[in-house]
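Dear colleague,

Please find the structure below for your records. A summary of what was found in it follows.

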Amino acid sequence: MAYPYQIQSLEEYKTAYQKSVEDPEGFWAGVASDFQWRKGWDKVLEWNFKEPKVEWFINGKLNITENCIDRHLQELGDKPAIIWEPNNPEDRVRVVTYNRLHKRVCQVAQMLRNNGVKKGDRVCIYMGMVPELVYAVLGCARIGAIHSVVFGGFSAQSIADRLEDAKAEFIITADGAFRGEKVIPLKNVIDDALIGNKTVKKVIVYTRTRIPVSMFKGRDIWWEDEMEYAETQVEKEGVVSFPAEEMDAEDPLFILYTSGSTGKPKGVVHTCGGYMVWTAYTFVNTFQYKRGEVFFCTADIGWITGHSYIVYGPLAAGATEVMFEGIPTWPDAGRFWDIVDKHKVNILYTAPTAIRSLMGFGLKPLEGKDLSSLKVLGTVGEPINEEAWNWYDEHIGKKKCPIVDTWWQTETGGILITNLAGVTPAKPSWATLPMPGVQPVLVDENGKEIEGSPASGNLCIKAPWPSILRTTYGDHERCRQTYFSAYENLYFTGDGALRDEEGNYRITGRVDDVLNVSGHRIGTAEVENAINMHSDVVESAVVGYPHDIKGQGIYAYVICSHIRGSEEETRKNILQTVSRIIGPIAKPDKIQFVPGLPKTRSGKIMRRILRKIAEGESNFGDTTTLLDPGVVEEIAKGKL
Ligand code: WT7
């Protein structure tokens with residue numbers, strides 16, 4: 001079966017794009033009519049970017065899990081939804097058909113209901129990449145609970161902050177998670193995160209690793225026991241059912257925390273209707289997915305890429321996908337290629353940092369791997385440099401697979417700028433053209449739109465697409481301030497971009513104090529706060545610098561009151577502090593001890609100068625406005 005909204009030629013793209021801009025309501029009503037609604041919408045769109053207030057498919061009623069599962073059962077019931085590849089390649093592959101997915105999601109929904117979870121309640125999910133994670137996410141969606149998945153690499157402190165912000169009452173976790181040679185003790189981390197927590201009532205624990213855990217009576221319960229009982233409730237004489245909650249198109253579907261330039265991570269809120277339409281639409285069009293093909297997105301469900309292109313987009317499109325528990329370099333650097341070979345993957349979606357890291361192992365890990373099933377390659381998360389693009393094209397795609405460079409953000413819910421595989425032209429290291437419905441503009445520092453091309457400026461979007469964030473949880477003003485106040489009536493992305501004469505966009509990177517380390521977003525302020533928790537640290541300043549594999553590395557300038565033991569020891573302790581406060585992903589790559597920081601007379605740290613030093617530049621620009629210009633020389637002398 002073809003997808004009626006699949007664009008199949010450059011001409012069709014142009015027509016679709018034009019229609020989406022001239023008549024957005026008509027255009028999206030057409031796309032949305034291909035989904036299952038309990039009740040149609042009264043109006044397609046209302047919006048203003050002032051408050052901001054954005055509503056799509058107003059008064060439409062649906063449940064996203066009926067669209068991701070139930071409506072496929074007749075045709076695809078016995079077809080695999082998820083092919084799960086375990087961490088250890090010798091362990092058993094699990095194939096989850098749509099029928100099985102339906103049953104498991106019904107069971108989870110029932111289990112949650114049995115434990116008092118209601119529509120609108122926040123459920124925090126902290127698990128490794130096992131099918132049960134998908135069941136948990138969809139189980140929440142089925143009863144209308146708002147899930148908030150936290151990546152398994154975040155620390156107890158990070159989880160505690162998120163639990164508090166979301167006022168979560170329930171947690172779904174596992175005893176542990178396998179990642180390469182490591183076992184991550186998830187339940188222990190949750191126990192720490194819950195010290196002092198006042199809102200969480202129940203913790204459901206799935207058994208994956210069989211490492212010892214402590215269970216608190218009355219609070220902690222086993223997934224296996226609960227699911228077994230739920231099974232007896234949802235399955236009667238071989239028929240499985242759990243009526244899905246009827247949701248408004250604008251009811252929140254999930255919260256996902258992401259870093260900004262200031263303070264603590266914010267909870268980006270996405271809603272049911274628009275998010276569903278956008279993730280399915282962009283999945284089918286970007287990758288040119290055809291029924292029966294095998295899609296493999298290497299992201300973790302703890303990030304937006306996993307939400308949109310492992311859970312919701314592919315399943316809404318009735319796709320078959322590979323879900324991978326492990327890491328690309330274990331047992332060796334050929335793991336991705338083994339998986340492509342073993343499961344005959346047709347579409348591979350990964351990150352530039354993974355490509356660069358695997359490139360570093362040379363061509364040996366590719367020997368004897370049959371990659372001929374591949375048809376389309378994708379990248380996401382950060383700008384892809386030409387060298388990595390060419391390697392991907394030559395050695396993985398064998399020069400016959402279109403590469404889609406997909407630009408988007410946690411806040412955008414799905415892909416906004418990309419070429420469509422084999423349909424619109426690719427241009428190495430350019431994300432190229434906007435999706436239908438997306439109107440990018442470049443603005444200068446004064447907020448004036450830059451017309452004409454070539455051009456370079458700050459990337460904004462002029463009008464809402466169906467899966468734009470609706471708010472930041474519990475703090476709408478923060479949402480307005482962060483995304484809608486820099487430029488009047490525009491959504492500001494935080495990225496800089498170039499535009500060429502053909503209207504292609506190239507994303508050049510963040511223009512705010514947000515770092516992109518291995519495709520993971522980290523705020524400099526967050527890392528500084530963590531470093532400052534170390535008892536010997538007086539003050540710190542964190543900037544990014546170009547890193548061969550990670551894209552950006554974290555460079556920390558640290559003032560200590562005194563150094564106990566050696567500098568090396570203090571460095572190690574600071575790294576451990578950051579690991580404990582945020583998680584290992586936020587550990588600085590370099591720590592330079594400095595006597596002072598370059599500050600303006602009003603006390604603001606001049607990061608511009610620190611960035612230049614970290615990049616190894618010697619021209620620091622104007623330093624005369626500094627309180628103490630001498631400190632710059634001193635820092636530059638000590639550069640690592
Ligand atoms: C930031 C968003 C979107 C899912 C993964 C990251 C950067 C993302 C690209 C790309 C250049 C990219 C941007 C963006 N980014 N994709 N194809 N080319 N830059 O989501 O954690 O919300 O980060 O990632 O800087 O603002 P995120």
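**Strand pairing and sheet order**

In strand β21, Leu 377 is the bridge partner of Leu 348. Please note that the model is a predicted one. The two strands concerned, β20 (residues 347-350) and β21 (residues 376-380), run parallel and are joined by four bridges.

Both belong to an open sheet of seven strands, whose order is β5-β4-β19-β18-β20-β21-β22 and whose pairing is mixed. At its edges lie β5 (94-97) and β22 (403-406), each of which pairs on one side only. On average, and with direction ignored, neighbouring strands of this sheet are turned by 20° against each other. Helix α6 (residues 131-143) packs on the sheet, where it touches β4 (80-85), β5 and β19 (320-324). The direction of α6 makes about 140° with that of β4.

As general background, strands of a sheet pair through backbone hydrogen bonds, in either a parallel or an antiparallel arrangement.

A further open sheet consists of four strands in the order β23-β24-β26-β27, with antiparallel pairing. Its edge strands are β23 (440-443) and β27 (505-510), and each pairs on one side only. Here the average turn between neighbouring strands, direction ignored, is 45°. Within this sheet, six bridges connect β24 (residues 455-461) with β26 (residues 491-499) in the antiparallel sense. Ile 461 stands opposite Tyr 491 of β26.

Yours sincerely

Key: Residues are numbered from 1 along each chain as its sequence is written. This is a predicted model: local features need pLDDT of at least 70, side-chain atom pairs count only at pLDDT 80 or more; totals for chains, interfaces and linings use all residues. Two strands pair if DSSP finds at least two bridges between them. Axes are lines fitted to C-alpha atoms, for helices over the stretch in contact, and angles run from 0 to 180 degrees between N-to-C directions. Two residues are in contact if their C-beta atoms, placed from the backbone, lie within 7 Å.
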